[in-house]
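Here's a quick tour of one protein and the ligand it holds. Have the structure open while you read, and look each residue up as it comes along.

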Amino acid sequence: MTLKVAIVANQEPQTLRVLNQLYHLLAEANIPIDQDQPNLVISVGGDGTLLSAFHRYSEHLEEVLFMGVHTGHLGFYTDWRDYEIEEMVQKLRDETLTSTSYPLLEVRITYTDGQPERRFLALNESTIKRGNTTMVADVYIRDELFERFRGDGLSVSTPTGSTAYNKSVGGAVIHPSINAMQLAEIASLNNRLFRTLGSSLVIAADDWLKIALQPSGDYFVTVDQLDIPQDQMAAVHYRVAKERIRFVSNRHMHFWHRVQDAFIGDIEKS
Ligand code: NAP
């Protein structure tokens, strides 16, 4: 495969230093830059930068491989550190690229006023929240009513997104080889009148979720870092997407090693 590389980067000073070196090394290796029709997208920055890169090229997932360089700590979507750029470009030049793919979340929003539904893909998660009043929503699994949720909101995440917002609201960390999505509650109200399961749920790839909203204008929906305009929403539908994101896997970082590195760190052996 002849490589055509697009680069997505944040504006941190350390990133700008790495970018200079990266452009120089790619030119030396005769690997062209093509921001419009790449087959390899390199993100330089953090996991947030990789999320932006994903959304920029999410219409081209069949053709595009992703690769992440982290200019800070080790990330979840970023296998390479800023000081390893030379080795990375060497691999691009010398090796046949292999890939590993991860599940994505399909988000479909339907509306009460007849406007066409909208579809999005999330790499981390989608959340539904409401202004400063309690959010009330009916949660359906397949087409069966499962519970009426009351609280601050709901988060539905992918396995790779399970270490992000999902983890902060008490969801489980899920290995990305599991093709599933996870529904987690955000501060649910549970008392004698209102009852929800109270724990997060892992939903299989052949099931789907529908979150039916009450007629009110002040819900808001996020898809990763994006805020979705929310007028007249009837329901948000979630399922594991048929599309997947593919990463270059010539260097494989064990998922549990990343989790340990990010959240626990060194342990003194007794
Ligand atoms: P941000 O608010 O600037 O950064 C959120 C943090 O989450 C960054 O430290 C980012 O890592 C990290 N992160 C992103 N994806 C991750 C993943 N899959 N696993 C573990 N950590 C991850 O927002 P952003 O950089 O644009 O990223 C948007 C994401 O932030 C959302 O999808 C959501 O998951 C997360 N977020 C979390 C909370 C929370 O935990 N309370 C609140 C808002 C948003 P880097 O430093 O490597 O970029």
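**The ligand and two buried residues**

An oxygen atom of the ligand sits 2.9 Å from a polar backbone atom of Gly48. Keep in mind that you're looking at a predicted model. We'll start with the ligand's surroundings, then visit Thr160 and Leu201.

**Polar partners of the ligand**

- Tyr165 also offers a polar backbone atom, and this one is 3.2 Å from an oxygen atom of the ligand.
- With Asn124, look at the side chain instead: one of its polar atoms is 3.0 Å from a nitrogen atom of the ligand.
- How much of the ligand's accessible area does the protein cover? On its own the ligand has 830 Å² of accessible area, and the protein covers 60% of that.

**The shell around the ligand**

- There are 17 residues around the ligand, and the ones that come nearest are Asp47, His70, Glu125, Thr163 and Ser168.
- If you sort the shell by type, you get nine polar residues, five nonpolar ones and three charged ones.
- Which helix gives the most to the shell? That's α2, with three residues, and α2 runs from 47 to 56.
- Helix α4 pitches in too: like α2, it supplies at least two residues of the shell.
- Zoom out to the domains, and you'll find that domain 1 (5-98 + 249-269) and domain 2 (104-243) each provide at least three residues of the shell.

**Thr160, in a loop**

- To find Thr160, go to the loop that links β9 (144-157) with α4 (165-168).
- Is Thr160 buried or exposed? Its relative accessible area is 5%, and the cut-off for buried is under 20%, so Thr160 counts as buried.
- Setting aside neighbours within four places in sequence, Thr160 has contacts with Tyr77, Tyr102, Leu123, Asn124 and Pro176.
- You've met one of those contacts, Asn124, already: its side chain has the polar atom 3.0 Å from a ligand nitrogen.

**Leu201, in a strand**

- Leu201 belongs to strand β11, which covers residues 201-204.
- At 18% relative accessible area, Leu201 is also under the 20% cut-off, so it is classed as buried.
- Which residues does Leu201 touch, if you don't count those up to four places away in sequence? They are Ile141, Phe146, Met181, Gln182 and Leu183.
- Now try Leu201 and Arg56: they're 145 residues apart in sequence, and their C-alpha atoms are 30 Å apart in space.

How values were computed:
Residues numbered from 1 in each chain as written. Predicted model: local features only at pLDDT ≥ 70, side-chain atom pairs only at ≥ 80, totals over all residues. Heavy atoms only, no water. Helix = DSSP H or I, 4+ residues; strand = E, 2+ residues; numbered from the N terminus. Buried < 20%, exposed > 50% of the residue type's maximum accessible area, 1.4 Å probe, protein only. Contact = heavy atoms within 4.5 Å. Near = heavy atom within 4 Å. Polar contact = N/O pair within 3.5 Å; in protein donor to acceptor, adjacent residues only side chain to side chain. Areas by Shrake-Rupley, 256 points an atom, 1.4 Å probe, with all protein chains shown as cover. Nonpolar A, V, L, I, M, F, W, Y, C, P; charged D, E, K, R; others polar. Domains from an automatic or database assignment.
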